[in-house]
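Biologist: Please show me the model, and then let us discuss how its helices pack and how selected residues are placed.

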Amino acid sequence: MLITHDTRCALDTVVDLVNTAPEDDTAADGLSDVATLTDFVGNHEISDVGALSEFDLSAVRKIRGRFAAVFAAPDARAAAGVINELVAAAGTTPRLTDHDGYDWHVHYFAPGASVADHLAADCGMALAFFVVAGEQERLRRCEAPDCRRAFVDLSRNRSRRYCDSRTCGNRLHVAAYRARRREAAG
């Protein structure tokens with residue numbers, strides 16, 4: 001599957017957005033206030049966004065939950081339904097642009113759209129490409145028992161199980177190794 005630069009950026013953005021949600025009632029929200037939303041927008045180089053407000057924060061948190069539903073969808077039909085709702089509500093307006101030193105690419109949000117509509121349109125379309133390509137199963141959650149972070153499996157054989165092999169994957173492999181050693185010694 002060919003993934004363009006702007007689609008990859010949108011995928012990274014949607015994964016990071018979903019992962020800002022607290023995993024339980026004791027965890028902090030990664031989008032706790034307008035300042036953290038502003039940082040998120042800046043860190044992801046989300047273009048064409050004006051001054052942000054509490055309204056924007058609330059709207060982004062709502063679409064974050066909808067994006068989380070895409071990663072939890074049991075099949076392509078369910079994922080497509082959520083994506084269709086997101087993209088339709090954003091009022092997509094595809095247009096070609098070549099801003100900020102990037103070559104020609106497509107923006108799916110209308111000029112002057114809110115940050116929530118911007119994210120819903122661009123990130124929703126990036127996820128839509130995976131469903132259309134029959135690759136919805138690549139939109140996953142980490143299989144580590146104490147981690148449910150979202151990620152996109154871009155491995156050739158669709159075999160990635162953990163959000164980060166160096167942390168979650170390695171930690172589980174070390175634990176399994178130690179358990180085997182204890183069993184062999186005991």
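The discussion below takes up this predicted model in questions and answers.

Biologist: Are helices α4 and α5 roughly parallel or roughly antiparallel?

Modeller: Helix α4 covers residues 76-90 and helix α5 covers residues 115-132; their axes lie 8 Å apart at an angle of about 150°. Angles over 145 degrees count as roughly antiparallel. Therefore α4 is, relative to α5, roughly antiparallel.

Biologist: How many nonpolar residues are there in the contact of α4 with α5?

Modeller: On the α4 side the contact comprises A76, A79, A80, I83, L86, V87, A89 and A90, which meet D117, A120, A121, G124, M125, L127, A128 and V131 in α5. Of these residues, one is polar and one is charged, and the number of nonpolar residues is 14.

Biologist: What is the handedness of the crossing of α3 and α5, and at what angle do these helices pack?

Modeller: The crossing of α3 and α5 is right-handed. Their axes are 9 Å apart, and the packing angle is about 15°.

Biologist: Which word describes the relative direction of α3 and α5: parallel or antiparallel?

Modeller: The angle between α3 and α5 is about 15°, and angles under 35 degrees count as roughly parallel. The two helices α3 and α5 are therefore roughly parallel.

Biologist: How many charged residues does the contact of α3 with α5 have?

Modeller: D56, A59, V60, I63, F67, V70 and F71 in α3 meet V115, A116, L119, A120, C123, G124 and L127 in α5. By class, this contact has 12 nonpolar residues and one polar residue, and its count of charged residues is one.

Biologist: How are α1 and α3 oriented to each other, perpendicular or parallel?

Modeller: The axes of α1 and α3 come within 9 Å, and they cross at roughly 105°. Angles from 65 to 115 degrees count as roughly perpendicular. The orientation of α1 and α3 is therefore roughly perpendicular.

Biologist: How many polar residues are in the contact of α1 with α3?

Modeller: From α1, residues V14, V15, L17 and V18 meet V60, I63, R64, F67, A68 and F71 of α3. The contact of α1 with α3 has nine nonpolar residues and one charged residue, while the number of polar residues is no more than none.

Biologist: What distance separates the end C-alpha atoms of helix α1?

Modeller: Helix α1 has 14 residues, 5-18, and at 1.5 Å a residue it should span 20 Å. The expected span uses one less than the number of residues. The model agrees with this expectation, because the end C-alpha atoms of α1 are separated by 20 Å.

Biologist: Which strands are included in what covers the buried residues of α1?

Modeller: The buried residues of α1 are T7, A10, L11, T13, V14, V15, L17 and V18. Their cover includes the helices α2 (34-43), α3 (54-72) and α5, together with the strands β3 (139-141) and β4 (150-152).

Biologist: Is L86 buried or exposed?

Modeller: L86 is found in helix α4. Leaving aside neighbours within four places in sequence, L86 is in contact with I63, R66, F67 and A120. Its relative accessible area is 6%, and under 20% means buried, so L86 is buried.

Biologist: What is the C-alpha separation of L86 and A121?

Modeller: L86 and A121 are 35 residues apart along the chain. In space, their C-alpha atoms are separated by 7.0 Å.

Biologist: Does H118 count as buried or exposed?

Modeller: H118 is placed in helix α5. Not counting residues up to four places away in sequence, H118 touches I46, S47, V49, F109, A113 and C123. At 5% relative accessibility, H118 therefore counts as buried.

Biologist: Which residues does F129 contact, leaving aside neighbours within four places in sequence?

Modeller: F129 lies in helix α5 and is partly exposed, with a relative accessible area of 30%. F129 and I3 are 126 residues apart in sequence, yet 9.0 Å apart in space, C-alpha to C-alpha. The contacts of F129 are M1, T7 and Y108.

Biologist: What is the phi of E45, and what is the phi of D48?

Modeller: Most residues other than glycine have a negative phi. E45 lies in the loop between α2 and α3 and is exposed at 56% relative accessibility; D48 is also placed in the loop between α2 and α3 and is partly exposed at 43%. Both values are positive: phi is near 50° for E45 and near 60° for D48.

Note on methods. Residues are numbered from 1 along each chain as its sequence is written. This is a predicted model: local features need pLDDT of at least 70, side-chain atom pairs count only at pLDDT 80 or more; totals for chains, interfaces and linings use all residues. Side-chain values use heavy atoms; hydrogens and water are left out. Axes are lines fitted to C-alpha atoms, for helices over the stretch in contact, and angles run from 0 to 180 degrees between N-to-C directions. Helices (H or I, at least four residues) and strands (E, at least two) are DSSP runs, numbered from the N terminus. Contact means heavy atoms within 4.5 Å. Ala, Val, Leu, Ile, Met, Phe, Trp, Tyr, Cys and Pro count as nonpolar, Asp, Glu, Lys and Arg as charged, and the others, Gly among them, as polar. Buried means under 20% relative accessible area, exposed over 50%, partly exposed in between (1.4 Å probe, protein chains only). A crossing is left-handed if the near helix is turned anticlockwise from the far one by less than a right angle, and right-handed if clockwise.
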